[in-house]
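Thank you all for coming; I would like to spend a few minutes on the empty space inside one model and on a sheet beside that topic. Please look at the structure first, and then we will go through the terms and the results together.

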Amino acid sequence: MQENFGTSVWFLHLKGLLYKMKKKIISMLIAALMLFSMHAVSFAAYETQIPVTAQGNSTDLIYIKRPQTLSASTSDRTYTISAVGPQGTTIRIYRQVPGTEDCMIIKAAQQIGASGLYSTVVDLPNDSNTFIVYAENGTTNQVVDIEISKVKKSTVERLKSVTINILNFLR
Amino acid sequence: MMKERLKSFILVILVAFSLVLAEKILVDEKLWPTGYNFFSIGTNLRKADRSVADNLTAPERIIINTGYQSSRFEYLRTSSDFKEIYSVASDILKTAFSKPARDILQVSSENWYSALTGKSIYLSYPTAYSAKNFSGLMGINRSEATFKSFSDIVIEENGNVYINDDGTFYRIETLAQEISAIIESVLETDIENQSVINYSFDLNFDKEFGSQKTILAPMIPIYSDAVLADVVNSENPVMRDDEINQRTVNQILSAFSINPNSMWRYTEADGTLVFVENTGILKISPNGILTYTASDNGIQLSSGSSPDTSDNVSQIAGFIDTVNASINQNAEMSITSPLTDDNTRNFTFDYNMGGIPVKFSNNNAVKVTVSNGYIIEYSQILRRYIPRDYSGSTPLYIEALDNIIAKYQSSMNQINIKKMFPAYIDDLAGGEKSPDWYIEIDNVVAQ
């Protein structure tokens, strides 16, 4: 009898405590829900666009093989970007809209297969083209900015000739 | 009078009937006893058109590098453009290989790659040659070049010829100007819907980085889109209406100079026809496999005293043309065994359909062994490839690579892709073949 009385007192005490904390718990739950939904919204946004300032939580998920220095000049109308990464990594390519901070998707999600290789051809509509390569594998993601400038054919030929001459001179 | 006319009319009809009947007897072997239609062999055996012999130094594909990586153009053997470009390139190569040794300069790999990214044409061969064998097949009497093994050549717009001799690079100046005109003319082509062709080295897939598992040989062409080509029907010419086509068999016997009346013949349990003569044994199986084994010297290739590799391979190619003509086809074939040795005895050839190689699982279309200027062993997978009136496409190159590597990745730490190109893969089952990828991993052939 005494034992039952003790339990009831403890239960009432807990109930009072929960009542006092009710507002705090609800606030925390709402905050958690908002956090989750923001995260989901941000990934949903990455489906079609990504801010030029976006950053990933990794720097070594994929490795861009072309352009090796993440910037290049070409006289072509297109450019082939290549990369290597672990199997299962999904890659999307975005291009910056000139005069804005937004990059719109131009190459839909493509998963790296067993070869670990990835390549895609992108159009170069502007003199200066900024691309964002967004790679994602589970909770790891990486954002790589690539700059491709269009130059005249004659300039590329001159640069190539100078490079070869320097390399031959150094041998 | 009327009676005479009626007689003449009946006579004309009878003569016409006799002519029709004679044609049927001569052409349709079913009206003759087996092995007795030697007369029709003589009338139907076509003159060989040297499809194989004339293409021993022809590349399998030509890529025109316009200086723009987004506008490279590929030409396969069957296109008329290929023939024109190859004709020009062939003259330039004859000039280059005739140059004295002092005009052949060793250069760096950067020069080679620079030529490929500039204005040039790239010739990709289905096998490797030594300078001696290549120049011998080109009809150049004496070349001072010492290249041991090359299968890639680049000719720059200014006439410079680059040779990749198994990783060592050479340049020969020819001052030929014709390449420039070819490049300018193709630049006028509409390239809107063309696949972008990169070489593996363009994309740095030939260089290892970190945990990169797959390394592609630098000259593998990588197409941005799937490759389109005719769907072809693979036919076994030995069979007709589920029976061995006796006329074809007799024509093959004729190509091997075997007299159907004098040889001894029998049929094995699996239906393989065996023809035995004093000179050798010829077998023709119902699945279209022909094998010849010499009993004495074999089939003489050349009357020369000491034929070298280029002599032998020329004569063999001529013989293959004769065999192909015997089954009424002008089959395109490429030499696929290396011609890098002066004393090569074994040669292989493979079919080429519409400029696209045909590959069999662990086998070649033709295998020949020679000894002292005689063919002592010969085997051929007899096939006709008939293009259908619609096209098929390969998978994307990256998908093909992923599928193949998935099979091997558990047993190999690093996978080196040596060759990768569009091909028809023939499993000998007959029927339609769509273009696919032929992939060679180190020493493993994966299809």
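A cavity here is a set of points, on a 1 Å grid over the protein atoms alone, where a 1.4 Å probe fits but cannot get out, and its lining residues have an atom within 4 Å of a point. Grid points are joined across faces, edges and corners, and a volume is the space filled by probe spheres set on the points.

This is a predicted model, in which local features need pLDDT of at least 70 and side-chain atom pairs count only at pLDDT 80 or more, while totals for chains, interfaces and linings use all residues. Residues are numbered from 1 along each chain as its sequence is written, chains are lettered from A and ligands numbered from 1 in the order in which they are written, and side-chain values use heavy atoms, with hydrogens and water left out.

The search of the whole structure finds one cavity of 30 Å³ or more, and the largest cavity has a volume of about 40 Å³. Its lining includes A:Arg66, A:Asp76, B:Gln69 and B:Asn198, and the largest share, three residues, comes from strand 4 (residues 78–84) of chain A, strands being DSSP runs of E, at least two residues, numbered from the N terminus.

Turning to the sheet, strands 2, 4 and 7 of chain A form an open sheet in the order 2-4-7 with antiparallel pairing, where two strands pair if DSSP finds at least two bridges between them. Strand 2 (63–66) and strand 7 (117–123) of chain A are the edge strands, each pairing on one side only. Three bridges join strand 2 to strand 4 of chain A, and A:Ile64 stands opposite A:Ala83 in strand 4 of chain A.

Methods:
1 Å grid on protein atoms, 1.4 Å probe; cavity = no way out; pocket = protein on both sides within 12 Å on 5 of 7 lines; lining within 4 Å. Helix = DSSP H or I, 4+ residues; strand = E, 2+ residues; numbered from the N terminus.
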